Amino acid sequence: MNRKSEPLAWGLLLPTLIVLSVFVIYPAVQSFLLSFQDVEPFSKRSFFIGMENYQVLLRSPDYWQSLRVTFFFLILTVVPSLVLSLTVAVLLDSNPFFQNIFRTLFLLPVAISSSMAAMLWIFIYNPTAGFLNYALDVFGMTGPNWLADPDWALVAVAVATVWKELGFNIIFFLAGLTAIPTELKEAAELDGASGWQSLRHVTLPLLSPTLFFVSVVSVINSLQSFGQIHILTTGGPMGETTTLVYNLYRDAFVKFRTGLASSEAVVLFLLIMMATIFQFRMAKKRVHYG
């Protein structure tokens, strides 16, 4: 870039830099600083207390339970979402005649808001008039009160989350499958490779960059999930759906413990960063470009 074009470049970047500074960088720095302070509710007064907020988190059984819930929620959402979306994408890619129709059907849940999706699942999970328990009753089984049963609430929220995000992953997998040269698949067939062998040794290695991207985004989205939890269960029953984000929300906007909530936000950011770094390191061995 020559010096004459620098003013134009900065002029084009300036709006984005301003938005990022105001809505991302400044709140992040402010949250980090607040994590070392005790903030009085409904006032601007705060007192520096060092690492005390982080020590409170380490001693809090509720926080450790929310960490456990977040881990299980991550497993229950990311793994099924990746497996199901990849399976559906492969099936649609092998039969492109129905691709446009099913792509639209699977993308519809992504287009609606989290609140609308949660309200739909509240009706499905209704213990007396819900479709799910009605379907189970047809087969002679009695369904539980899905959202109020501690054994099933997290699973119920995870199913709703997977349904909501499935179409997003399918679209990316379909794009990745379309980019794979058909000559390679045809060569595998000529060599006598079965469908499974072609998928394992040709399709998946060439699809690994897309799989890597989708897995990173899925993990981040799962760790940041809030809307469906708030509407479906409000963190209950007995804290079995209280994730780190929901625990953060409750401390910040229900208990008004701003300093403690800020420390939770910092810890959550570090966990997301560690998970992303781990995935990038794994990608060096398993992701093949070109």
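A helix here is a DSSP run of H or I with at least four residues, a strand is an E run of at least two, and the numbering starts from the N terminus. Keep in mind as you work that this is a predicted model.

**Exercise 1. Get the overall layout: how many helices and strands are there, and in what order do they run?**

Solution.
- Start with the count: the protein has 12 helices and 2 strands.
- Next, read the order from the N terminus: α-β-β-α-α-α-α-α-α-α-α-α-α-α.
- Then look at the extent. Along the principal axes, the C-alpha atoms fill a box of roughly 75 × 75 × 30 Å.
- Now check the contacts. Of those with a separation of 6 or more, 68% are between residues 24 or more positions apart.

**Exercise 2. Work out what the surface is made of and how the charges sit.**

Solution.
- Of the 290 residues, 36% are buried.
- The protein exposes about 17,800 Å², and carbon and sulfur atoms supply 70% of that.
- For the charges, take 17 positive and 17 negative ones; their mean positions lie 10 Å apart.

**Exercise 3. Find the cis peptide bond and say where its proline sits.**

Solution.
- Go to the bond from Gly236 to Pro237: this one is cis, with omega near -5°.
- Now place the proline. Pro237 belongs to the loop that links helix H10 (227-232) to helix H11 (244-253).
- While you're in that loop, stop at Thr234, which is also found between H10 and H11. Thr234 isn't a glycine, yet its phi is positive, about 50°.
- Is Thr234 buried or exposed? With a relative accessible area of 48%, Thr234 is partly exposed, because that class covers values between 20% and 50%.

**Exercise 4. Track down Phe256 and describe its backbone and its cover.**

Solution.
- Phe256 sits in the loop between H11 and helix H12 (258-286).
- The phi of Phe256 is positive, about 55°, although this residue is not a glycine either.
- At 34% relative accessibility, Phe256 comes out as partly exposed.

**Exercise 5. Explain why H11 counts as largely enclosed, and name what covers it.**

Solution.
- Count first: 7 of the 10 residues of H11 are buried, so the rest of the structure largely encloses this helix.
- Who are they? The buried ones are Leu244, Val245, Tyr246, Asn247, Leu248, Asp251 and Ala252.
- Look around them for the cover, which includes helix H3 (61-94), helix H9 (195-223), H10 and H12.

**Exercise 6. Find the nonpolar patch that includes Val19, and list its residues.**

Solution.
- Start from Val19, which lies in helix H1 (residues 6-34).
- Val19 has a relative accessible area of 45%, so it is partly exposed. That value clears the patch cut-off of over 30%.
- The patch itself measures about 1,000 Å² and is made by Leu14, Ile18, Val19, Leu20, Val22, Phe23, Val24, Ile25, Val29, Phe32 and Leu33.
- One helper for reading such a list: an α-helix has 3.6 residues a turn, so residues three or four places apart point the same way.

**Exercise 7. How far apart are Leu120 and Leu232 in sequence and in space?**

Solution.
- Place Leu120 first: this residue is in helix H5 (residues 114-125).
- Check its cover: Leu120 is partly exposed, at 37% relative accessibility.
- Now compare the two distances. Leu120 and Leu232 are 112 residues apart in sequence, and 9.9 Å apart in space from C-alpha to C-alpha.

Technical notes:
Residues numbered from 1 in each chain as written. Predicted model: local features only at pLDDT ≥ 70, side-chain atom pairs only at ≥ 80, totals over all residues. Heavy atoms only, no water. Buried < 20%, exposed > 50% of the residue type's maximum accessible area, 1.4 Å probe, protein only. Contact = heavy atoms within 4.5 Å. Areas by Shrake-Rupley, 256 points an atom, 1.4 Å probe, with all protein chains shown as cover. Lys, Arg positive; Asp, Glu negative; His and termini not counted. Charge placed at Lys NZ, Arg CZ, Asp CG, Glu CD. Patch = residues over 30% accessible without salt bridge, like charges linked within 9 Å, V, L, I, M, F, W, Y side chains within 5 Å. Salt bridge = Lys/Arg side-chain N within 4 Å of Asp/Glu carboxyl O.
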